[in-house]
Amino acid sequence: MSAPSDPPAAVPAPVDSTPAVNTSQTTPSDPSPSNPEAAPETTAEPAKIDDSFESQLPLSAADGLIQKLFPRPLDSAKPTPPAPLTPDQEAKYKDVFKAVSEWTTVPTTSAKNSPTAPITEDEHMFLTRECLLRYLRATKWNVADAIARLQRTLTWRREYGVAKLTAEYISVENETGKQVILGYDIHGRPCLYLLPSNQNTETSDRQIQHLVFMLERVIDLMGPDQETLALIVNYKETKSGQNASLGQAKQTLNFLQNHYPERMGRALVINMPFMILGFFKMITPFIDPQTRQKLKFNEDLCQHVPAGHLMKSMGGDVEFRYEHSVYWPTLNKLADQRRAAYKERWIQGGKRIGEFENYLKTGASPSLSQTEGASNGAGGESQPTA
């Protein structure tokens, strides 16, 4: 897939959770799995989210008119726990972990014989235990395929320029609230609304970059024990010309399936007119069968999202009004804080490939290094960062 044009160089770049490309080589002193002796003993308190900011955000429909996003799911929303790994799956995970731990460079483009550049710290941080497992599940536990897809994703993120998609650059695309992150479903998945009737720009690469940016923010807001999102698409009042083209749809499906595997927990599509249904039939052959099972059309959304976290226009109780000057800075401040705390915990944990996402998200559960230390202290064998 050819990369969209880069955003203007003059746009300032805030902190981003995506792998930022730089030219700094991992040195022998880096505390990474390829050099475990250098991993520091960490006793510092894990980084914490700024509760004073989050306490100012609404929690549910009971807070009246909503113009900001909810920072966490309702207490009744419970993520589905992952199935424990079988011995064979654990062995395959270790094989993938060993392979990615040995990477020192990654291709900078998808072109044949592309030049390479040193793998960065942020790219190491991207390779969590759960990330490796997502790619293994997506490839039906084929180790070689999972390794190849992981490297292609790192290359895609570099080539596409994910880290360059700043809030300032994307802002114009969301001025009318055509994409909104609001609330969590019954399983604690953050909800991303796509509202085509609010389309405000001409067809361009930036429209697809907008979706990538919002997917990254949804991932920032995923809580512990949660790896997936709920996508809600409302075609009410959508006019001809406001929908994605077939080319855009294929491009979107390509990066969703190849570079965000196992991230779609549910896709809820409502108010679908006949012409849109035909459009979905056209793109169905490009959709992975497992993904198709997650698509639900014209169902009662309250079966999937608590009324207290669902927009009133979709059948819920939330009186939501989009005001760009209010919503956009709030979304990005919350995401910035979550990413900064996530990275600080990763540093405190020893900058490990294969780190646990639950530790990185909250600091409330042990890090990889702490788990290994406890295993050694109990007389058990250290699991080599698996």
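Which strands does helix 7 (residues 205–220) lie across?

**View 1. Helix 7 against the sheet of this predicted model.** Helix 7 lies across strand 3, strand 4 (190–194) and strand 5 (229–234). Its direction is at about 20° to strand 3.

**View 2. An open sheet of five strands.** The strand order is 3-4-5-6-7, and the pairing is mixed. Strand 3 (179–184) and strand 7 (295–297) are the edges. Each has a single partner strand, so one side of each lacks a neighbour in the sheet. From one strand to the next, the twist averages 20°.

**View 3. Where strand 6 meets strand 7.** Strand 6 covers residues 264–270. Three bridges join strand 6 to strand 7, and the two run parallel. One pair to look for is L268 with its bridge partner K296 in strand 7.

**View 4. The largest nonpolar core, with 59 residues.** L182, L192, Y193, F255 and F320 touch the most other members. Helix 7 supplies the largest share of this core, seven residues. Beyond four places in sequence, F320 touches I66, Q67, K68, V180, L182, M311 and Y327.

**View 5. A second, separate core.** This core has 21 residues. Among them are V96, V100, W141 and L150.

**View 6. Confidence along the chain.** The protein averages a pLDDT of 84, and 78% of the residues score at least 70. Over residues 1–44, pLDDT stays under 50. The model has 90 contacts beyond four places in sequence for that stretch. Residues 379–386 also stay under 50, with 22 such contacts in the model. Where pLDDT is low, predicted coordinates should not be read in detail.

Conventions: Residues are numbered from 1 along each chain as its sequence is written. This is a predicted model: local features need pLDDT of at least 70, side-chain atom pairs count only at pLDDT 80 or more; totals for chains, interfaces and linings use all residues. Side-chain values use heavy atoms; hydrogens and water are left out. Two strands pair if DSSP finds at least two bridges between them. Helices (H or I, at least four residues) and strands (E, at least two) are DSSP runs, numbered from the N terminus. Axes are lines fitted to C-alpha atoms, for helices over the stretch in contact, and angles run from 0 to 180 degrees between N-to-C directions. Contact means heavy atoms within 4.5 Å. pLDDT is the predictor's confidence in each residue, from 0 to 100. A nonpolar core is a set of buried Ala, Val, Leu, Ile, Met, Phe, Trp, Tyr and Cys residues joined through side-chain atoms within 4.5 Å. Buried means under 20% relative accessible area, exposed over 50%, partly exposed in between (1.4 Å probe, protein chains only).
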